[in-house]
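Please work through the exercises below with the sequence and the model open beside you. Each task is followed by a solution that goes step by step.

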Amino acid sequence: MSRTALRICPLCEATCGLTLTIEGTRVTGARGDRDDVFSRGFICPKGASFGAVDGDPDRLRGPLVRRDGELREATWTEAFDAVAAGLRPVVERYGPHAVGVVLGNPNVHTMAGALYPQVLLGALGTRSVFTASTVDQMPKHVSCGLLYGDANAIPVPDLDHTDHLLLIGANPLESNGSLCTAPDFPGKLKALKARGGTLTVIDPRRTRTAKLADRHIAVRPGTDALLLAAMTYVLFDEHLVELGELAPRVEGVDELRSAVRDFTPEAVAGSCDVDADEIRALARELAAAPTAAVYGRIGSCTVPHGTLASWLVDVLNILTGNLDRPGGALFPQAATDRTPRPAGPGRGFALGRWHSRVSQYPEAKGELPLSALAEEIDTATAEGEPIRALIVSAANPVLSAPDGARLDKALGSLDFMVSVDPYLNETARHADVVLPPPPPSQSPHHDFAFNTLAVRNQVRYTRPAIPLEPGRMAETEIFARLILAATGMPGADPAAVDTMVIDQTLGKAVMDPNSPVHGRDPHEVADRLTGDTGPERRLDMMLRLGPYGDGFGVRPDGLTLRQLLAHPHGIDLGPLASRLPQPLKTRSGKVELLPQPIVDDLPRLRQAMSDRADGLVLVGRRHLRSNNSWMHNVPALTGGTNRCTLHIHPEDAERLGVVDGAPVRVKGAGGEVTAPAEITDALRRGVVSLPHGWGHDRPGTRLSHAAADPGVNVNQLLDGSQLDPLSGNAVLNGVPVEVAALTTPL
């Protein structure tokens with residue numbers, strides 16, 4: 001007999017509400033939850049395939065421990081004992097920085113990944129931290145940190161109310177949105193046009209999103225910052241700057257005017273391959289719109305000037321008076337945000353507080369570049385010990401980081417490695433211990449990260465739709481036990497980790513004059529918490545201390561976990577609203593429009609105006625039925641148009657003798673790959689495209705469907721040496737490649 005259960009989809013950033021059909025302990029169907037306060041029934045192919053993802057037979061059901069060179073099934077006790085035995089000697093002999101931690105993208109899609117990694121890092125005391133952010137969005141964190149003093153204060157476009165939306169390097173009809181949590185992003189763009197608004201897309205490919213646009217600019221890859229700088233120049237040159245109510249909250253306007261004086265449309269046109277008159281039209285249309293928002297994503301982040309491009313996105317919103325106003329770009333307010341403090345100067349944002357050991361890359365937001373992971377393992381220097389042990393959570397850097405072949409070899413040289421992953425993938429196959437979390441149907445869900453980026457304030461929570469199967473362990477308990485094992489206490493009660501966090505958080509809160517529990521007994525406050533588990537108690541604590549919370553009885557109508565559980569489709573907290581100056585944490589207490597690190601990097605951008613390289617350049621691409629390398633093992637989400645092919649323009653194909661469907665060799669600084677050609681005029685001349693996340697051809701994995709059609713690893717074309725210097729983000733787009741037709745069939 002079947003039943004239904006609600007679940008928030010964890011498969012991309014849109015966070016849509018689902019209604020699952022369950023037979024016994026198996027998810028047999030998924031449809032959109034029409035009563036969900038945020039997604040209103042929207043669903044994409046990934047959400048519709050929730051049951052197939054959840055029930056993938058290649059998911060590991062229990063831990064694996066390496067014995068006599070082979071990974072074998074073990075008990076959970078044996079696994080955590082092995083973690084303690086492997087990690088503690090490394091820490092004790094070589095120090096905490098000899099243990100590296102790698103956190104992948106799926107961590108932000110789970111409660112465990114949101115609540116426990118920072119506790120783990122604090123317990124280890126390591127600075128050898130690497131995440132997917134530095135092959136994705138770190139430039140946006142850095143630019144917002146410099147502008148607003150908080151790397152997580154990221155404004156999002158007010159999609160439901162804007163009159164003019166300019167997208168650069170973004171394809172939300174395929175990605176469902178990123179750093180902008182918006183169920184039914186396609187519907188919101190169509191609604192924008194239906195109400196008479198304008199959509200402009202800047203992208204070297206004619207993507208599905210670009211096809212919807214009123215204006216599509218096929219910019220040369222990697223020149224996004226030049227184009228945006230020229231638009232900024234036009235706003236000043238034609239007296240179109242109008243800060244409006246922002247004026248008293250912004251400093252550095254005159255200095256910025258001087259800083260962009262060289263970036264005229266005529267000066268950048270040749271590098272961007274965009275006519276100067278068209279650049280001026282872009283700036284004029286943006287300034288003339290009643291409300292407008294500029295939004296940039298991965299295509300403008302993973303380029304040589306990613307931080308400058310991300311900064312200029314916000315600069316354009318600020319100079320046109322569209323930051324922090326309805327219809328422009330606004331700062332969301334999540335239910336689990338910290339207690340709002342009074343507006344005023346903060347501590348600001350700093351870069352380079354420490355550096356990587358080999359190449360001396362500066363840290364950003366507490367992280368080192370993922371591109372540096374291999375050299376931090378395999379290269380000896382006098383600056384300290386190499387990484388000798390590694391904890392990898394939900395990450396597959398062998399495919400997602402540049403030069404995966406080198407990293408693949410480096411991982412094999414580690415003294416010890418533990419992987420928290422449901423699959424034995426290209427990275428996890430090197431682990432000495434694999435700790436597999438249960439499928440998403442057996443896990444609770446609340447979006448801690450994505451609600452801070454949501455286009456409407458709301459809060460939702462779903463408990464597990466299916467009870468944990470025998471032999472499985474909750475992901476939250478896996479992390480708690482991992483923390484204890486890494487600190488030499490593998491047999492301790494995992495509940496102690498949550499208790500410790502609650503005690504520390506409330507201990508600080510009662511001492512904070514801005515907290516609703518200031519001056520109270522922390523034990524009395526803790527006794528008021530509800531929830532069936534430690535993670536639920538922590539969620540209740542965050543809700544009650546947050547901006548909408550009851551303050552532990554101070555505001556009787558405020559938000560609590562009990563109230564949230566009584567609203568299974570979520571609670572709507574209203575549209576985005578103006579919040580400045582409260583989010584600002586700069587030392588000045590204002591938006592610092594031209595921070596010194598940006599000033600120091602502008603000469604490099606000026607040089608780019610005369611550095612155009614000839615030949616082909618490479619860009620990546622996304623597919624609606626994929627999310628990095630996660631889902632290539634699910635038959636329903638592969639095949640058809642979701643294939644690993646090299647897109648090439650017809651004129652480039654004719655010049656090179658490339659035939660549609662025939663193999664081509666693509667060569668870059670890091671190596672070469674061979675893939676079938678797909679000739680299409682959907683991208684501009686001089687540009688080729690390979691999708692990200694493929695290359696499932698290494699031995700020792702357990703990805704049966706993905707291995708049958710492995711594709712190639714696009715990141716093997718990169719040697720890892722090209723980084724955006726401010727953020728440490730890998731340059732994945734706009735990189736030079738050579739393409740040659742092959743006569744031997746694939």
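**Exercise 1: a helix pair**

The crossing of helices α6 and α15 is right-handed, in a model that is predicted.

Task: Classify the packing of α6 against α15 by its angle, and describe which residues of the two helices meet.

Solution: Begin with the geometry, in which α6 (residues 138-148) and α15 (residues 306-319) pack at about 50° with their axes 8 Å apart. Angles under 35 degrees count as roughly parallel and those from 65 to 115 as roughly perpendicular, and α6 is therefore oblique to α15. Next, list the contact, to which α6 contributes Pro-139, Lys-140, Val-142, Ser-143, Cys-144, Leu-147 and Tyr-148, while α15 contributes Gly-306, Thr-307, Ser-310, Trp-311, Val-313, Asp-314 and Ile-318. Sorted by class, this contact of α6 with α15 holds eight nonpolar, four polar and two charged residues.

**Exercise 2: the overall fold**

Task: Decide how the radius of gyration of the protein chain relates to that of a compact globule, and describe the chain as a whole.

Solution: Take the expected value to begin with, which for a compact globule of 746 residues would be near 27 Å; the protein chain has 25 Å, and so the two agree. Then turn to the extent of the C-alpha trace, which spans about 65 × 65 × 60 Å along its principal axes. Of the 746 residues, 62% count as buried, and among contacts with a separation of 6 or more, 73% come from residues 24 or more positions apart. The secondary structure of the chain comes to 26 helices and 26 strands.

**Exercise 3: backbone features in loops**

Task: For Asp-68 and Asn-176, state whether each is buried or exposed, and then locate the cis peptide bond that precedes Pro-581.

Solution: Start with Asp-68, which lies in the loop between β4 (64-67) and β5 (70-73) and has a phi near 55°, a positive value in a residue other than glycine. The relative accessible area of Asp-68 is 74%, and exposed means over 50%, so Asp-68 is exposed. Asn-176 also has a positive phi, near 70°, and is placed in the loop between α7 (172-175) and α8 (185-194). Because buried means under 20%, Asn-176 counts as buried at 3% relative accessibility. Finally, the cis peptide bond joins Leu-580 and Pro-581, with omega at about 10°, and Pro-581 is found in the loop between β19 (571-575) and β20 (591-592).

How values were computed:
Residues numbered from 1 in each chain as written. Predicted model: local features only at pLDDT ≥ 70, side-chain atom pairs only at ≥ 80, totals over all residues. Heavy atoms only, no water. Axes fitted to C-alpha atoms, helices over the stretch in contact; angles between N-to-C directions. Helix = DSSP H or I, 4+ residues; strand = E, 2+ residues; numbered from the N terminus. Parallel < 35°, antiparallel > 145°, perpendicular 65-115°, else oblique. Left-handed = near helix turned anticlockwise from the far one by under 90°. Contact = heavy atoms within 4.5 Å. Nonpolar A, V, L, I, M, F, W, Y, C, P; charged D, E, K, R; others polar. Rg over C-alpha atoms; globule rule 2.2 N^0.38 Å. Buried < 20%, exposed > 50% of the residue type's maximum accessible area, 1.4 Å probe, protein only.
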